[in-house]
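Colleague: I would like a close look at one part of this protein, with the reasoning spelled out. Please take the charged side chains as the starting point and work outwards from there.

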Amino acid sequence: MSEQALRLGTRRSKLAMAQSGQVADAVSRVTGRPVELVEITTYGDVSREHLAQIGGTGVFVTALREALVRGEVDFAVHSLKDLPTAQPEDLALAAVPVREDVRDVLVARDGLTFEQLPDGARVGTGSPRRMAQLNAYARNHGMSIETVAIRGNVDTRIGYVRSGELDAVVLAAAGLNRLGRIDEVTDFLSVDTVLPAPGQGALAIECAADDADLVAVLAELDDPFTRAAVTAERSLLAALEAGCSAPVGAYADLLADGQIVKEMRLRGVVGTADGSTLVQLSTTGPVPETHDQAMSLGRELAAEMLAKGAAGLMGERAL
């Protein structure tokens, strides 16, 4: 008897299809059932407006979630950084698999690294978070760059460099890895230079909360360390979003003593898009063993950042 195929809802972009294909293979392995991809067009895919203007993170997620709720698909794969921080009650975040490379990368003309960019170099990114940190780094190192707001898929963005319109673009390493295009990177930006978006490099696998069997099966793909890290990062984001509209970078990593993981360090940054003001802090604590512990790590750092002036960056939405 052939088991009925599980339907996996995915966005149509090349990157989403690559990510979803990898998850489909993994789910097939743990369930022994075939998985078919169901392509869903989201508002974020068809709108040409800048993300900040069409509602930020949720624009890629809503259509997938609606398909889940209507029962048109059995589960969905999202880039975790696209998920709004509040989790709907009728949907379960069933698995957060092992995280890809979290770093941002530069794809520049002539193989240039960030440090080698000429004065006045035009650097494209759609992310105010990247703009703030790149501009601050340039300012602190005596460089002058011009950040240019861009949108589009990976091909479109790298095309701006190939055509000579821009000197460089900044993208996520994870996406290029999943597309098999990491060899086009000319510089990996250390997390000490640019903190990634909360949840960057991680995927979220979501299904109906009341489908206990599917929740249990998908949970086999969950990586507890990745989940703890991204939970802390997203908790920081949620607490800052409440009191601050400036772009947020966050990264939680594990500090090990030899082979033994001892602590989790959470770093956060918030700043103005021109990089003139940054509030950057970190905190270290025991590795969270529960969802609530991971959440409180993020909330505590957010409170410190707001006290240090993050709230003063209110209203500086980069359009």
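Is Glu233 buried or exposed, judged by its relative accessibility?

Modeller: This is a predicted model, and the values below are computed from it. Glu233 counts as buried, because its relative accessibility is 0% and the cut-off for a buried residue is under 20%. The side chain of Glu233 meets that of Arg99 in a salt bridge, with 2.8 Å from N to O. This pair links distant parts of the chain, since Glu233 belongs to helix α8 (residues 224–243) whereas Arg99 sits in the loop between β4 and β5, 134 residues apart. Arg99 counts as buried as well, because its relative accessibility is 16%. As general background, side chains of opposite charge can pair when their charged atoms come close.

The structure holds 20 salt bridges, and a few of them can be followed in detail. Arg65 forms one with Glu206, the closest N and O atoms being 2.8 Å apart. Here too the pair links distant parts of the chain, with Arg65 in helix α3 and Glu206 in strand β10, 141 residues apart. Arg65 counts as buried at 10% relative accessibility, and Glu206 is buried with a relative accessible area of 0%.

Helix α3 (residues 62–69) gives Arg65 its setting, for the buried residues of this helix are Ala63, Leu64, Arg65, Ala67 and Leu68. What covers these buried residues includes the strands β1 (6–10), β3 (75–79), β4 (91–95) and β10 (203–208). Strand β10, which holds Glu206, is therefore also among the elements that cover the buried residues of α3. Just after α3 comes Gly71, which takes a positive phi of about 80°.

A further salt bridge leads to helix α4. Asp104 pairs with Arg130, and their closest N and O atoms are 2.8 Å apart. Because Asp104 lies in strand β5 and Arg130 in helix α4, this salt bridge ties together parts that are 26 residues apart in sequence. Both partners are covered: Asp104 counts as buried at 0% relative accessibility, and Arg130 counts as buried at 6%.

Helix α4 (residues 128–140) has 13 residues and reaches 18 Å from its first C-alpha to its last, close to the 18 Å expected at 1.5 Å a residue. The helix is mostly covered, with 10 of its 13 residues buried. Besides Arg130, the buried residues of α4 include Arg129, Met131, Gln133, Leu134, Asn135 and Tyr137. Gly142 follows α4, and its phi is positive, near 65°.

Tyr137 in α4 also takes part in an aromatic contact, for the structure holds 1 aromatic pair. The ring centres of Phe114 and Tyr137 are 5.7 Å apart and their planes stand at 50°, so the pair is tilted. Since Phe114 lies in the loop between β5 (104–108) and β6 (121–125) and Tyr137 in helix α4, the pair ties together parts that are 23 residues apart in sequence. Phe114 is buried, with a relative accessible area of 1%, and Tyr137 counts as buried at 17% relative accessibility. Helix α4 is thus tied to β5 through the salt bridge of Arg130 with Asp104, and to the loop between β5 and β6 through the aromatic pair.

Charged side chains also gather in a group elsewhere, where Lys14, Asp155, Arg162, Arg181 and Glu184 are linked in a network of salt bridges.

Nonpolar residues complete the picture, and Leu297 in helix α9 (residues 291–307) is one of them. Leu297 counts as buried because its relative accessibility is 8%. Leaving aside its neighbours within four places in sequence, Leu297 is in contact with Ala232, Met264, Leu266, Thr283, Gly285 and Pro288. The C-alpha atoms of Leu297 and Asp74 are separated by 33 Å, and these two residues are 223 residues apart along the chain.

On the surface, Phe225, Leu254 and Val261 form a nonpolar patch with about 210 Å² of accessible area together. Val261 is found in strand β12 (residues 260–271), and this residue is partly exposed, because its relative accessible area is 31%.

Methods
Residues numbered from 1 in each chain as written. Predicted model: local features only at pLDDT ≥ 70, side-chain atom pairs only at ≥ 80, totals over all residues. Heavy atoms only, no water. Patch = residues over 30% accessible without salt bridge, like charges linked within 9 Å, V, L, I, M, F, W, Y side chains within 5 Å. Areas by Shrake-Rupley, 256 points an atom, 1.4 Å probe, with all protein chains shown as cover. Salt bridge = Lys/Arg side-chain N within 4 Å of Asp/Glu carboxyl O. Helix = DSSP H or I, 4+ residues; strand = E, 2+ residues; numbered from the N terminus. Buried < 20%, exposed > 50% of the residue type's maximum accessible area, 1.4 Å probe, protein only. Expected span 1.5 Å × (residues − 1). Phe/Tyr/Trp six-rings, centres within 6.5 Å; stacked < 30°, edge-to-face > 60°. Contact = heavy atoms within 4.5 Å.
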